[in-house]
Structures are given as structure tokens and as C-alpha cells.
Amino acid sequence: MTVDALTDIAGVRVGHATRTGDGWLTGTTVVLAPTGGAVAAVDVRGGGPGTKETDALDPRNVVQRVEAIVLTGGSAYGLDAASGVMAWLEERGRGVRVGTDPAHVVPVVPAACVFDLGRGGDFRARPDAATGRAAVEAAAASAPGARVLEGCVGAGTGAAVGPMKGGVGSASVLLDSGITVAALVVANAAGSVADPETGVLYGELFQGRV
């Protein structure tokens with residue numbers, strides 16, 4: 001059984017931490033790799049990227065696997081959420097071994113952020129290490145192949161797309177080859193996602209035309 005989400009990839013789990021009310025409108029989403037990590041790559045684009053540890057994914061570098069990936073609100077401040085995920089992984093001995101002691105590891109946790117500062121009313125209300133820990137704990141507590149909560153949750157809580165609400169979305173497809181391709185996206189963009197004349201979402205308007 002598939003759930004049309006990133007969790008259709010065997011061993012991958014997704015968790016959210018959401019903060020709303022009292023000036024908060026933000027959160028963090030964690031993609032937790034199976035024990036032993038997962039091979040990852042990155043393509044950073046845009047004029048104002050906010051990332052952490054993405055250079056570790058350069059194939060010329062020593063890192064071969066990541067333990068988790070963090071997507072977060074809070075702009076560059078929110079990247080601190082990755083620290084909470086790293087601490088959780090370190091406690092479990094997950095990461096790159098840097099000595100003979102099994103506890104001496106450095107978890108590789110690439111992170112990227114979206115700008116949602118002040119959207120809940122308080123500019124200083126943004127994800128931190130505790131938010132990251134809550135999200136990775138939610139991922140670890142989820143069942144294998146569990147549905148991924150979508151919409152205004154986790155890193156998509158304060159997301160916006162033009163004048164509309166943004167959010168988290170996920171989907172998957174099983175190819176004829178037997179390979180599953182899946183994606184998880186946090187939509188937070190300056191442009192529009194809808195046809196200005198009809199209001200129909202571009203994703204619906206062009207479905208099946210690619």
C-alpha cells in the first residue's frame with residue numbers, strides 16, 4: 001500500500017513540529033533517513049538561499065551519507081533547528097565516526113530554510129533547537145510508510161505563495177521499472193501558483209501536459 005508521499009521510499013520517515021498562536025506561525029519539518037543514513041545530493045538556487053551543511057553533499061567531499069534533512073521556517077535563524085536534530089542523532093550514535101569510541105560521531109544534517117519571519121506577529125518567534133528535536137522525535141515515532149501531514153504544518157506553517165497560503169506537500173509515483181520517485185516540497189514563493197484569469201492552480205491546469 002502506498003500513501004502518495006515521500007514515505008513511500010522504504011525507511012524514510014517525516015515529522016513536523018508546528019508553532020502557532022501568541023505571535024507564532026512557523027515550524028520545522030524533518031526527513032529522517034533509515035539507520036545507516038542515505039545518499040544525498042543538493043542543487044542550491046536562488047538569490048537568497050539559506051542553508052546549512054549543504055557543502056557536505058558535494059561529491060568531492062568525504063561525507064557519503066546523511067542521517068536527516070531539515071526544512072524549517074525562521075529564515076537563517078531557523079537553521080538552528082538542525083542543532084536539535086543533531087543532538088538527538090548523537091545520543092543514538094548515528095553519524096560519521098570520528099574516533100574509536102562508537103559515541104564519537106558527527107551527524108550530517110543538511111538544512112534549508114524559508115522566510116516566514118513576523119507572519120505570526122512576533123518577528124522573534126522562530127524555530128530553534130527544541131523545535132528541531134520535536135520534529136525528529138515526531139518522525140522517529142511515526143510508523144513506516146505513514147501518511148505525511150500536508151498543508152500549514154511544520155516548515156510550511158507560515159509559508160505563503162504570493163497572496164495565498166503556502167505549505168508542505170508530498171507525492172510519489174511508482175515507475176514501470178519498480179523504482180519509486182517521491183518528493184516533499186515547502187512552497188513559499190513570491191510568485192503566483194494560480195492562473196490570474198481563472199484562479200485555477202497551475203498544477204491542476206497543466207496536469208498531464210509535461
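Helices (H or I, at least four residues) and strands (E, at least two) are taken here as DSSP runs, numbered from the N terminus. The model is a predicted one, so local features were accepted at pLDDT of at least 70 and side-chain atom pairs at pLDDT 80 or more, while totals for chains, interfaces and linings use all residues. Residues are numbered from 1 along each chain as its sequence is written, and side-chain values use heavy atoms, with hydrogens and water left out.

Backbone geometry comes up at two aspartates. Most residues other than glycine have a negative phi, and most peptide bonds are trans. Asp22 goes the other way, with a positive phi of about 55° although it is not a glycine. Asp22 sits in the loop between E1 and strand E2 (24-32), and its relative accessible area of 80% is why it is classed as exposed. The classes used throughout are buried for under 20% relative accessible area, exposed for over 50%, and partly exposed in between (1.4 Å probe, protein chains only). Asp4 also has a positive phi of about 55° without being a glycine. Asp4 belongs to the segment before strand E1 (13-21), and it counts as partly exposed because its relative accessible area is 42%.

Next come the helices. Two packed helices are described by the angle between their axes and the distance between the axes. Here helix H2 (residues 81-91) packs on helix H3 (residues 129-141) at an angle of about 50°, the axes lying 6 Å apart. H2 is therefore oblique to H3. For these labels, angles under 35 degrees are roughly parallel, over 145 roughly antiparallel, 65 to 115 roughly perpendicular, and the rest oblique. The axes themselves are lines fitted to C-alpha atoms, for helices over the stretch in contact, with angles running from 0 to 180 degrees between N-to-C directions. The crossing of H2 past H3 is right-handed, meaning that the near helix is turned clockwise from the far one by less than a right angle, whereas anticlockwise would be left-handed.

Just ahead of H2, Asp80 lies in the loop between helix H1 (75-78) and H2. Asp80 has 36% relative accessibility and so counts as partly exposed. Its C-alpha is 5.1 Å from that of Asp128, with the two positions 48 residues apart in sequence.

Six salt bridges turn up in a search of the whole structure, each defined as a side-chain nitrogen of Lys or Arg within 4 Å of a carboxyl oxygen of Asp or Glu. One of them joins Arg133 and Glu137, whose closest N and O atoms are 3.6 Å apart. Both residues lie in helix H3, four residues apart, or about one turn of the helix. Arg133 is partly exposed because its relative accessible area is 24%, and Glu137 is partly exposed because its value is 37%. Salt bridges with shared partners tie Glu91, Arg92, Arg133 and Glu137 into one network. Within this group, Arg92 bridges to Glu91 with a closest N and O separation of 3.4 Å. Arg92 is partly exposed, since its relative accessibility is 44%, whereas Glu91 is exposed, since its relative accessible area is 52%.

Another salt bridge brings together the side chains of Arg45 and Asp43 (2.8 Å, N to O). Arg45 is exposed because its relative accessibility is 68%, and Asp43 is exposed because its relative accessibility is 53%.

On the nonpolar side, Val173, Leu175, Ile179 and Val181 make a surface patch of about 330 Å². Patches are made of residues with over 30% relative accessible area and no salt bridge, with like charges joined within 9 Å and nonpolar side chains (Val, Leu, Ile, Met, Phe, Trp, Tyr) within 5 Å. Accessible areas come from the Shrake-Rupley method with a 1.4 Å probe, and for residues only the protein chains shown count as cover. Val173 is placed in strand E10 (residues 167-174), and it is partly exposed because its relative accessibility is 43%.

Two further residue pairs round out the picture. Arg13, in strand E1, is partly exposed because its relative accessibility is 24%. Arg13 and Ala134 are 121 residues apart in sequence, and their C-alpha atoms are 14 Å apart in space. Leu205, in helix H4 (residues 202-205), is partly exposed because its relative accessible area is 28%. Leu205 and His16 are 189 residues apart along the chain, and 30 Å separates their C-alpha atoms.
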